[in-house]
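Biologist: Can you take me through this one? I'm new to reading structures, so keep it plain.

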Amino acid sequence: GLRGRDPRPLFAALRLLSIEQPRLAERLRVVLAGRLDAAEDQLLRQLDPRIAVVHVGHLDRDAAAALQREADALLLLTSHSGVSQATGKLFEYLTSGRPIIALAQDNEASRIVMETGTGITVAPDDIHGIARALAAAADGTLSRSYTPRDLERYVYPAPAEAVAELIECAIKRRRH
C-alpha cells in the first residue's frame, strides 16, 4: 500500500472475526474511501463476500467528512516504516468526534491518539489485536470509552501557528 501501509492484516482480522464471532462480524461494514492501486483492488476482490468491505471511491472533502461523522469508528492505517505517520487523515479524524482505531505502533499517530483519548492503537500487523479492536467497535465498547481531551493543539489553526512559530525561531537563530 501507499507509503508502506499494508491492509492484509486488517483483512485477515476481518476473516478471523467472521470465524470466531460471526454475529458480531455481521454488524461490521468497513467503508474505504479514496483511490486504490491495482494491488489493493485485487486484495478487495479476493475477500470473502461475507466480509462487508465497501469501496466508495474518491470523495470530496465535505463528503469524506460527512462519512467520517456517520461512522461508529474510524480506521487509521499506518506502517512500520517511519516514526512520523501523523498525516492529514489523522487530524481530520481528530475533529470528527468519532473514536479512532489506529493501526499504529511506536509512531506519532499512536502517541497522538493515546494522548488525546480519541481511540485505541494496535500494531498494524497484530491480526488478533485488530480483530479485538473491530469487535470493540461493533459491540459499542469503543464508543463508550471515547473520551477526547486536549485536542486544541491538534486542530486548525493551532498546528499552523506552531509551524509558523518554529519558522520564526529558525529565522531568528539564523540572523544571530
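Modeller: One term to begin with: helices and strands are DSSP runs, numbered from the N terminus, with at least four residues for a helix and at least two for a strand. Also, this is a predicted model.

Biologist: How many helices and strands does the protein chain have?

Modeller: The protein chain has 9 helices and 5 strands. Starting at the N terminus, the order is α-α-β-α-β-α-β-α-β-α-β-α-α-α.

Biologist: What does the C-alpha trace span along its principal axes?

Modeller: About 65 × 35 × 30 Å. Of the 176 residues in the chain, 38% count as buried.

Biologist: Next, the loops. Where is Asp106?

Modeller: Asp106 sits in the loop between β4 (100-103) and α6 (108-116). Its phi is near 55 degrees, a positive value, and Asp106 is not a glycine.

Biologist: Why bring up the sign of phi?

Modeller: Because most residues other than glycine have a negative phi. Asp150 is another residue with a positive phi, about 50 degrees, and is not a glycine either. Asp150 is in the loop between α8 and α9.

Biologist: Back to Asp106: buried or exposed?

Modeller: Asp106 has 68% relative accessibility, so it counts as exposed. The cut-off for exposed is over 50%.

Biologist: What kind of peptide bond joins Tyr156 and Pro157?

Modeller: A cis one, with omega at about 15 degrees. Pro157 lies in the loop between α8 and α9. For background, most peptide bonds are trans.

Biologist: What about Ser143, which helix is that in?

Modeller: Ser143 is in helix α8, residues 141-144. With a relative accessible area of 32%, Ser143 is partly exposed.

Biologist: Which residues does Ser143 touch?

Modeller: Leaving out residues up to four places away in sequence, Ser143 touches Asp72, Arg98 and Pro99. Glu40 is 103 residues from Ser143 in sequence, and their C-alpha atoms are 29 Å apart.

Biologist: Change of topic. Which residues form a nonpolar patch on the surface?

Modeller: Val163, Ile167 and Ile171, with about 230 Å² of accessible area together. Val163 belongs to helix α9, residues 158-175. Val163 counts as partly exposed because its relative accessibility is 47%.

Biologist: And charges, how many positive and negative side chains are there?

Modeller: There are 23 positive and 23 negative side chains, and the centres of the two sets lie 2 Å apart.

Biologist: Last one: what area does the chain expose?

Modeller: About 10,800 Å², and carbon and sulfur atoms supply 52% of that.

Key
Residues are numbered from 1 along each chain as its sequence is written. This is a predicted model: local features need pLDDT of at least 70, side-chain atom pairs count only at pLDDT 80 or more; totals for chains, interfaces and linings use all residues. Side-chain values use heavy atoms; hydrogens and water are left out. Patches are made of residues with over 30% relative accessible area and no salt bridge: like charges are joined within 9 Å, nonpolar side chains (Val, Leu, Ile, Met, Phe, Trp, Tyr) within 5 Å. Accessible areas come from the Shrake-Rupley method with a 1.4 Å probe; for residues, only the protein chains shown count as cover. A salt bridge is a side-chain nitrogen of Lys or Arg within 4 Å of a carboxyl oxygen of Asp or Glu. Buried means under 20% relative accessible area, exposed over 50%, partly exposed in between (1.4 Å probe, protein chains only). Contact means heavy atoms within 4.5 Å. Lys and Arg count as positive and Asp and Glu as negative; His and the chain ends are not counted. The place of a charge is taken as NZ of Lys, CZ of Arg, CG of Asp or CD of Glu.
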